[in-house]
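Reader: Hi! Got a minute to walk through a structure with me? I'd like to start with one residue and then zoom out.

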Amino acid sequence: MKKLDIAIIGGGVAGIFTSLHIKNKEVTIFEKESKNKSNVLKRILVSGNGRCNFFNSNIVKYLPRYLEKKYISKLFNYFDSNGFAYYINEEGYYYPFFNKSECFYSFLLNELDRTKYKIIEEEIIHIDYKNKIIKSTKDNYSYNKLVLATGGRSYDRDNYSYDLITDLDIKYNKFTPGLVPIVVEEKIEKSLVDNKLKCIVEVIYDNKSIYKEDGEVIFKKDGLSGICIFNSAFIINSLLRENKKENIKIRLDIFSHNNTSISLDKASNSLPSFLKGIKIIDKRYLEYTFKSFYDFKFSHTSYGGIDISEISKQLELIKRKDIYVLGEVVDRNYPCGGYNIGMALLEGIYLGEILSGK
Ligand SMILES: Cc1cc2nc3c(=O)[nH]c(=O)nc-3n(C[C@H](O)[C@H](O)[C@H](O)COP(=O)(O)OP(=O)(O)OC[C@H]3O[C@@H](n4cnc5c(N)ncnc54)[C@H](O)[C@@H]3O)c2cc1C
């Protein structure tokens with residue numbers, strides 16, 4: 001059997017960025033085989049609508065205690081000293097300087113090339129943690145240390161299997177679509193479908209407003225979409241986790257946005273035609289009842305994963321020595337805005353250092 005020192009399952013941002021920060025070790029990355037272009041880092045190409053919003057200056061408020069702020073400096077020192085150009089918009093969102101995901105993608109691939117680490121394009125289908133063996137579609141490998149960075153089940157993961165997580169016999173929470181459009185109980189009026197409205201979105205539970213965001217809503221045949229709706233879905237996921245399922249409303253104040261508010265009476269001569277004849281509650285709101293989420297293939301992230309009670313501060317599974325987990329496979333969930341890739345990058349540096357023995 002082939003013997004590996006550090007084996008990483010998953011060539012996404014989390015797995016690859018970890019590998020880039022492991023020094024003086026032998027590293028092997030496993031990524032699912034692909035008929036055409038390699039799957040390594042492929043998700044970056046579709047992220048942020050082809051622009052890859054890879055970080056957010058507000059990420060500090062989501063940092064787990066073990067990830068000290070110094071890792072943010074380390075991340076940008078790494079980018080600056082290796083020639084990755086980026087810019088930050090007024091809202092604190094980071095993008096590649098040339099506004100293209102491909103710039104981040106090719107930067108990381110070049111960095112990976114420099115390491116000369118081995119990439120094996122085989123899907124891992126079984127982990128035997130007792131004997132420290134992983135089984136792929138083609139072969140068996142023994143490992144010294146194992147990193148699980150397999151991501152979630154969103155977007156293009158139609159045949160998702162929980163096998164690797166269940167092999168580990170640890171607590172996990174089944175994935176639900178995380179950042180995703182919402183299906184509503186009410187029928188969306190024909191004139192609204194495919195139109196966009198800037199507004200203030202609120203999630204109402206038990207008649208209380210529990211989330212508010214100034215954004216833009218896109219009306220679909222059976223529901224609502226847009227970044228502010230994705231973030232509302234993220235909040236609704238946390239309600240459902242607490243079994244709070246009934247009577248979740250999405251309220252749109254369509255007469256307020258960008259710190260400007262007007263009354264229906266004042267705006268009545270300049271309403272867009274698609275709003276004419278639409279029932280407006282209290283001369284201000286459109287209101288919908290949450291029914292469900294769109295399917296995984298429409299979601300940008302998956303909510304759920306390996307329970308954080310199973311993971312040590314070193315990202316090692318407490319009950320399964322020498323197995324480390326990070327990225328979207330872990331039940332740490334973040335809203336839109338570069339937090340998901342950003343956190344995978346920070347955890348990648350952190351774990352890379354741990355595995356280098358620092
Ligand atoms: C359309 C879209 C747009 C997005 N836009 C943004 C954005 O702008 N900003 C942001 O922060 N986040 C964005 N995200 C979310 C972000 O891409 C993910 O949260 C992030 O990529 C997760 O990184 P990861 O490495 O944990 O998982 P992934 O990127 O999912 O990587 C996991 C890898 O593991 C491989 N794998 C899985 N199982 C196996 C196995 N058994 N054997 C071998 N390999 C395996 C997969 O093929 C995959 O390559 C977006 C997501 C989507 C789908």
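Reader: Leaving aside neighbours within four places in sequence, which residues is phenylalanine 274 in contact with?
Author: Happy to help! This is a predicted model, and in it phenylalanine 274 is in contact with Ser191, Leu192 and Asn195, once its neighbours within four places in sequence are left aside.

Reader: Nice. Where does phenylalanine 274 lie?
Author: Phenylalanine 274 sits in the loop between helix 7 (264–267) and strand 18 (285–293).

Reader: And why does phenylalanine 274 count as partly exposed?
Author: Because it has 17 other C-beta atoms within 10 Å, while buried would take 20 or more and exposed 12 or fewer.

Reader: Okay, zooming out. How is the protein divided into domains?
Author: There is domain 1 (2–176 + 304–355) and domain 2 (182–293). Their C-alpha centres are 34 Å apart. Four residues from domain 1 and six residues from domain 2 make up the contact.

Reader: What's the chemistry on the side of domain 1 that touches domain 2?
Author: That side has two nonpolar residues, two polar ones and no charged ones.

Reader: Switching to the ligand: how many residues surround it, and which are the closest?
Author: The ligand is surrounded by 35 residues, and the closest are Gly10, Gly12, Gly48, Gly151 and Gly327. By class, the shell has 13 nonpolar, 17 polar and five charged residues.

Reader: Which helices supply at least two residues of that shell each?
Author: Helix 1 (13–20), helix 2 (42–46) and helix 8 (339–355) do. The largest share, five residues, comes from helix 8.

Definitions and conventions:
Residues are numbered from 1 along each chain as its sequence is written. This is a predicted model: local features need pLDDT of at least 70, side-chain atom pairs count only at pLDDT 80 or more; totals for chains, interfaces and linings use all residues. Helices (H or I, at least four residues) and strands (E, at least two) are DSSP runs, numbered from the N terminus. Two residues are in contact if their C-beta atoms, placed from the backbone, lie within 7 Å. Domain bounds come from an automatic or database domain assignment. Ala, Val, Leu, Ile, Met, Phe, Trp, Tyr, Cys and Pro count as nonpolar, Asp, Glu, Lys and Arg as charged, and the others, Gly among them, as polar. A residue is near a molecule or strand if its C-beta atom, placed from the backbone, lies within 6 Å of it.
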